[in-house]
Amino acid sequence: EEAFHDAAIEATSHNGDITNDDPNALHDTEAMVQIARRFLSKTCPKLIEVLDAHSDQRSTQDRLVKIGRNVSSTMRHARRSSSSLTLLADAAEDESKSIDVA
């Protein structure tokens, strides 16, 4: 499980990738293909070999785009959830500090 998480972080954290919360990011098919290839190279390199050998490269491209979108969306959601939890924890801590002990 940790290996998949680490691969997803690495796949979506390269300079030049669109990994922020830009709603248009998932439409950049080349970026999604690169994310998918980086992710699969760490988690399932045999699948890349199979896809690259497939006779219908348009189908392969479509599959890689879908994988890249899923990895990118999952990591974007994880970052937002993590940020929300951090903000809630910080707010709770600030609130507990502001309570006067009499």
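This passage walks through the helices of the structure and the contacts that link them.

The model described here is a predicted one. The secondary structure of the protein consists of 4 helices and 0 strands, and from the N terminus onward the elements follow the order α-α-α-α. Of the 102 residues of the protein, 25% count as buried. Among the contacts in the protein with a separation of 6 or more, 74% are between residues 24 or more positions apart.

A good place to begin is helix α1, which spans residues 2-11. The buried residues of α1 are A7, A8 and A11. Viewed down the axis of α1, these buried residues fall within an arc of 100 degrees, so they line one face of the helix. A general feature of helices is helpful here: an α-helix has 3.6 residues a turn, so residues three or four places apart point the same way.

Helix α1 also takes part in an aromatic pair. A search of the whole structure turns up 1 such pair. The partners are F4 and F39, whose ring centres are 6.4 Å apart and whose planes meet at 45 degrees; because planes from 30 to 60 degrees apart count as tilted, the pair is tilted. F4 lies in helix α1 and F39 in helix α2, so the pair ties together parts that are 35 residues apart in sequence. The two partners can also be described by their accessibility. F4 has a relative accessible area of 47% and is partly exposed, whereas F39, with a relative accessible area of 13%, is buried. The cut-off behind the second assignment is simple: F39 counts as buried because its value is under 20%.

From F39 the view moves along to the neighbouring contact of helix α2. Helix α2 (residues 29-43) packs with helix α3 (residues 45-53) at an angle of about 125 degrees, and their axes are 5 Å apart. That angle makes α2 oblique to α3. On the α2 side, the residues of the contact are R37, L40, S41 and T43, and they meet P45, L47, I48 and D52 in α3. By type, the residues of this contact divide into 4 nonpolar, 2 polar and 2 charged.

One of these contact residues, L47, can be followed a little further. L47 is found in helix α3, and at 31% relative accessibility it counts as partly exposed. Its C-alpha atom is separated by 9.7 Å from that of R37, and the two residues are 10 residues apart along the chain. R37 itself belongs to the α2 side of the contact with α3.

Key
Residues numbered from 1 in each chain as written. Predicted model: local features only at pLDDT ≥ 70, side-chain atom pairs only at ≥ 80, totals over all residues. Heavy atoms only, no water. Axes fitted to C-alpha atoms, helices over the stretch in contact; angles between N-to-C directions. Helix = DSSP H or I, 4+ residues; strand = E, 2+ residues; numbered from the N terminus. Parallel < 35°, antiparallel > 145°, perpendicular 65-115°, else oblique. Contact = heavy atoms within 4.5 Å. Nonpolar A, V, L, I, M, F, W, Y, C, P; charged D, E, K, R; others polar. Buried < 20%, exposed > 50% of the residue type's maximum accessible area, 1.4 Å probe, protein only. Arc of directions from axis to C-beta. Phe/Tyr/Trp six-rings, centres within 6.5 Å; stacked < 30°, edge-to-face > 60°.
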